[in-house]
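Visitor: I'm new to this one, so could you pick a single part and take me through it closely? A plain, connected walk-through would suit me best.

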Amino acid sequence: AYHGVKVAPPNADVLQKFFASTASAVLFPEYVASQVHAGMLATSILPELVATTTNIDSHTYKKLKMAESEADRQLQQVAEGAMLPTTSLQTAEHAVELRKFGRLLKASYEALRLQRINVVSVFLQRIGAQLAIDESDWALSVIINGDGNDNALTPIESEASGTLDYDELIRLYLAFTNGYRLTTIVVGDTQLRTILNMTEFKDPEAGFGFQKTGELVSPVGANLVRWTSTDVLPSDFVLGLDKRFALEQITEHGVITEVDRLIDRQLEQTSVSKWTGFAKLHDSAFQAIDVTHT
């Protein structure tokens with residue numbers, strides 16, 4: 001606003017307005033970062049999966065772990081002066097590896113300088129959306145396959161192979177033991193279609209408004225999340241988790257955006273990158289129904 005750069009439609013300036021002076025040019029990387037971040041917020045399912053976030057200055061991370069059995073966590077009645085039972089917090093055997101996600105956006109001066117800023121924003125937000133998709137895929141992969149510390153998810157088999165019904169959702173709900181509860185269900189389109197067609201969730205008069213609004217129902221009180229990437233989420237999985245104790249996201253410096261101008265070729269280059277990784281906080285915070293099994 002101070003430099004008179006309008007970024008919102010319908011009267012948005014052309015992109016070259018950012019470079020009208022040295023003072024306004026330094027704002028361009030921040031503008032790129034804000035648009036990428038907006039695209040990430042609109043697409044990511046990490047808010048449904050991540051309990052806490054940790055920033056570090058390394059590509060590896062030693063996470064904390066605690067005994068998963070209830071007996072090792074329980075308070076116990078003790079006599080006066082007697083030794084209190086001990087619960088140990090330890091670092092995991094294997095470090096969690098962070099991965100780098102990035103993309104370089106390249107365009108000629110001619111392609112960009114007369115483009116309206118609001119139009120460029122849409123493309124930057126799409127890059128942010130893809131970064132969020134890749135991050136979310138990685139998070140789901142860690143939930144299912146583990147974070148390298150022998151903690152892959154062991155699903156519950158449906159009582160009848162190939163059948164998902166309301167009773168199976170009840171079984172998923174009951175799989176969470178004392179201290180944990182089912183807060184989120186993540187499914188692909190195959191199982192989502194089955195859930196939305198269950199008689200229990202088809203009556204709009206009972207408060208299920210998918211037919212009217214397109215808003216997903218909340219089976220057994222859990223947030224229902226659609227995710228279509230079958231590379232990480234098997235199409236026959238109904239994944240449930242307790243978001244309060246689910247994942248720790250580890251990042252290094254957050255999203256980094258850098259801008260470079262190749263004067264000899266008259267190209268504008270913008271790089272977007274992020275180092276991130278995920279650790280499972282409590283193994284008991286994850287359950288899944290394997291609908292199709294042998």
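Guide: Let's start where α2 and α4 cross: the crossing is right-handed. Keep in mind that this is a predicted model. Two packed helices are described by the angle between their axes and the distance between the axes. Here, helix α2 covers residues 28-43 and helix α4 covers residues 117-145, and their axes come within 6 Å and cross at roughly 50 degrees. Since angles of 65 to 115 degrees would count as roughly perpendicular and those under 35 degrees as roughly parallel, α2 and α4 are therefore oblique to each other.

So who meets whom? On the α2 side you'll find Y31, V32, Q35, V36, A38, G39, M40 and T43. They meet a set of residues in α4, including I117, V120, L124, G128, L131 and E135. Sort the residues of this α2 and α4 contact by character, and you get twelve nonpolar, six polar and one charged.

Now stay with Y31, one of the α2 residues in that contact. Y31 also pairs with F28, ring to ring, in a tilted arrangement: 5.9 Å centre to centre, with 35 degrees between the planes. Both lie in helix α2, three residues apart, about one turn of the helix. F28 has another aromatic partner, F18, and that pair is edge-to-face, at 5.5 Å centre to centre and 65 degrees between the planes. This pair links distant parts of the chain, as F18 sits in the segment before α1 and F28 in helix α2, ten residues apart. Put together, F18, F28 and Y31 make one aromatic cluster. F18 and F28 are both buried, and Y31 is buried too.

Methods. Residues are numbered from 1 along each chain as its sequence is written. This is a predicted model: local features need pLDDT of at least 70, side-chain atom pairs count only at pLDDT 80 or more; totals for chains, interfaces and linings use all residues. Side-chain values use heavy atoms; hydrogens and water are left out. Axes are lines fitted to C-alpha atoms, for helices over the stretch in contact, and angles run from 0 to 180 degrees between N-to-C directions. Helices (H or I, at least four residues) and strands (E, at least two) are DSSP runs, numbered from the N terminus. Angles under 35 degrees count as roughly parallel, over 145 as roughly antiparallel, 65 to 115 as roughly perpendicular and the rest as oblique. A crossing is left-handed if the near helix is turned anticlockwise from the far one by less than a right angle, and right-handed if clockwise. Contact means heavy atoms within 4.5 Å. Ala, Val, Leu, Ile, Met, Phe, Trp, Tyr, Cys and Pro count as nonpolar, Asp, Glu, Lys and Arg as charged, and the others, Gly among them, as polar. Rings of Phe, Tyr and Trp (its six-membered ring) pair if their centres lie within 6.5 Å; planes under 30 degrees apart count as stacked, over 60 as edge-to-face and the rest as tilted. Buried means under 20% relative accessible area, exposed over 50%, partly exposed in between (1.4 Å probe, protein chains only).
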